[in-house]
Amino acid sequence: MATSTIFKRSIHSGVVKITAPRLRGRGVGDIRACFPSTSTLHQQTTSTTKIKHFSTTQPTAKMSTSFLETVKSRRTIYQLSKSSPISDAKIQEIISQAILHVPSSFNSQSTRIVLLVKEEHDKLWEITKEILKAIVPADGWAATEGRLNGFKAAYGTVLFFEHRPTVSSMQEKFALYADKFPGWATQSDAMHQFTIWTALEAEGLGANLQHYNPLIDQKVQETWAIEKDWELNAQLVFGKPEGGPMEKDFMGVEGERFKVFGV
Ligand SMILES: Cc1cc2nc3c(=O)[nH]c(=O)nc-3n(C[C@H](O)[C@H](O)[C@H](O)COP(=O)(O)O)c2cc1C
């Protein structure tokens, strides 16, 4: 399965260094100070090795500008075709790096990802068509089928999941925040989506984000032997861009969506 390949690459990529986990408390009032070590947490959910990334690059103002340019370049692209300007290995590397470095609440690492390319990607969209055909009214089917064929015409899909046992274990350990953990897991999942979407577009791919869950969850689990406690959250369709993004309206920023005090 694609995930096992990704896991091996993340361990052998040479970008990460194996080291003991380290957590820093920030004073008596900091809940992190009483947070169990990541090793305790992960003994229950996964057997992965603890790793620590070291960056020798100092961030600069120029880097933040180019980062924001990259953020600006990410758009929703629906017209996609079945090729990729980058190798499958590079796509896996992007996803592995996102999995390693995107943050999660208490470093709970609740996001799970499956990469489907080529025939496996086609299979996903055939499954989705089959499921939707059974429920979409006949007079609306042509439009739905056209839309789904559009996704199938792309090169690959990244599936994003939330690992329910990780969320439950956090809720048990930190009862005070129990109601927060599902939302935090979704926020972290969304950060993975944004990071991978942006990185793929920076490499010359186009992408769009879809949500056919929970309709397709069971078939996805069966087809790729996905653990039942991985909850599907989103599908990022990607491929060679064959068209541009749609026009986009922007609300006002200063004063409307952004307030500043004390500058
Ligand atoms: C949380 C979230 C959910 C979205 N769900 C869908 C979706 O189900 N289908 C779709 O075509 N686009 C979806 N989108 C894409 C948005 O419609 C799109 O990002 C937005 O219109 C801004 O356009 P842009 O991506 O080109 O900047 C979603 C985006 C976000 C952030």
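**Exercise 1. Is W230 buried or exposed?**

Solution. Start with the ground rules. This is a predicted model, where local features need pLDDT of at least 70, side-chain atom pairs count only at pLDDT 80 or more, and totals for chains, interfaces and linings use all residues. Residues are numbered from 1 along each chain as its sequence is written.

Step 1. Take the cut-offs. A residue is buried if 20 or more other C-beta atoms lie within 10 Å of its own, exposed if 12 or fewer, and partly exposed in between, with C-beta atoms placed from the backbone.

Step 2. Apply them. W230 has 21 other C-beta atoms within 10 Å, so W230 is buried.

Step 3. Place the residue. W230 belongs to strand β7. Strands (E, at least two residues) and helices (H or I, at least four) are DSSP runs, numbered from the N terminus.

Step 4. Look along the chain. W230 and S110 are 120 residues apart in the chain, and their C-alpha atoms are separated by 9.4 Å.

**Exercise 2. Find the strands that pair with β7, and give the sense of each pairing.**

Solution. Two strands pair if DSSP finds at least two bridges between them.

Step 1. Begin with strand β3, residues 80-81. Two bridges join β3 to β7, in the antiparallel sense. Here L80 has P241 as its bridge partner.

Step 2. Go on to strand β5, residues 156-163. β5 and β7 run antiparallel, with eight bridges. H163 is partnered by W230.

Step 3. Finish with strand β6, residues 206-210. Five bridges link β6 to β7, again antiparallel. Q210 faces Q235 of β7.

Step 4. Check the cover. β7 spans residues 230-241, and eleven of its twelve residues are buried. One position to try is V237, in β7. V237 has 25 C-beta neighbours inside 10 Å, so V237 counts as buried. The C-alpha atoms of V237 and V158 are separated by 6.6 Å, although the two residues are 79 apart along the chain.

**Exercise 3. Sort the residues of β4 by the way they point.**

Solution.

Step 1. Recall the rule. In a regular strand, side chains alternate between the two faces of the sheet.

Step 2. Sort. T111, I113, L115 and V117 point one way from β4. R112, V114 and L116 point the other way.

Step 3. Check burial. Seven of the seven residues of β4 are buried.

Step 4. Find the neighbour. β4 pairs with β5 over seven bridges, in the antiparallel sense. I113 stands opposite F160 of β5.

**Exercise 4. Describe how α8 packs against α7 and against α4.**

Solution. Two packed helices are described by the angle between their axes and the distance between the axes. Axes are lines fitted to C-alpha atoms, for helices over the stretch in contact, and angles run from 0 to 180 degrees between N-to-C directions. Angles under 35 degrees count as roughly parallel, over 145 as roughly antiparallel, 65 to 115 as roughly perpendicular, and the rest as oblique.

Step 1. Take α7 (residues 164-173) and α8 (residues 181-202). Their angle is about 140 degrees, and their axes lie 9 Å apart. Therefore α7 and α8 are oblique to each other.

Step 2. Take α4 and α8. The angle is about 150 degrees, with axes 10 Å apart. Therefore α4 and α8 are roughly antiparallel.

Step 3. Add the handedness. A crossing is left-handed if the near helix is turned anticlockwise from the far one by less than a right angle, and right-handed if clockwise. α7 passes α8 in a right-handed crossing. The crossing of α4 and α8 is right-handed too.

**Exercise 5. Compare the surroundings of Q109 and A225.**

Solution.

Step 1. Read phi. Q109 is not a glycine, yet its phi is positive, about 55 degrees. A225 is also a residue other than glycine, with a positive phi near 50 degrees.

Step 2. Locate both. Q109 sits in the loop between α4 (88-101) and β4 (111-117). A225 is in the loop between α9 and β7.

Step 3. Count neighbours. Q109 has 22 other C-beta atoms within 10 Å, so Q109 is buried. A225 has 7, so A225 is exposed.

**Exercise 6. Locate the cis peptide bond at P214.**

Solution.

Step 1. Find the bond. The peptide bond from N213 to P214 is cis, with omega near 0 degrees.

Step 2. Place P214. P214 lies in the loop between β6 and α9 (217-224).
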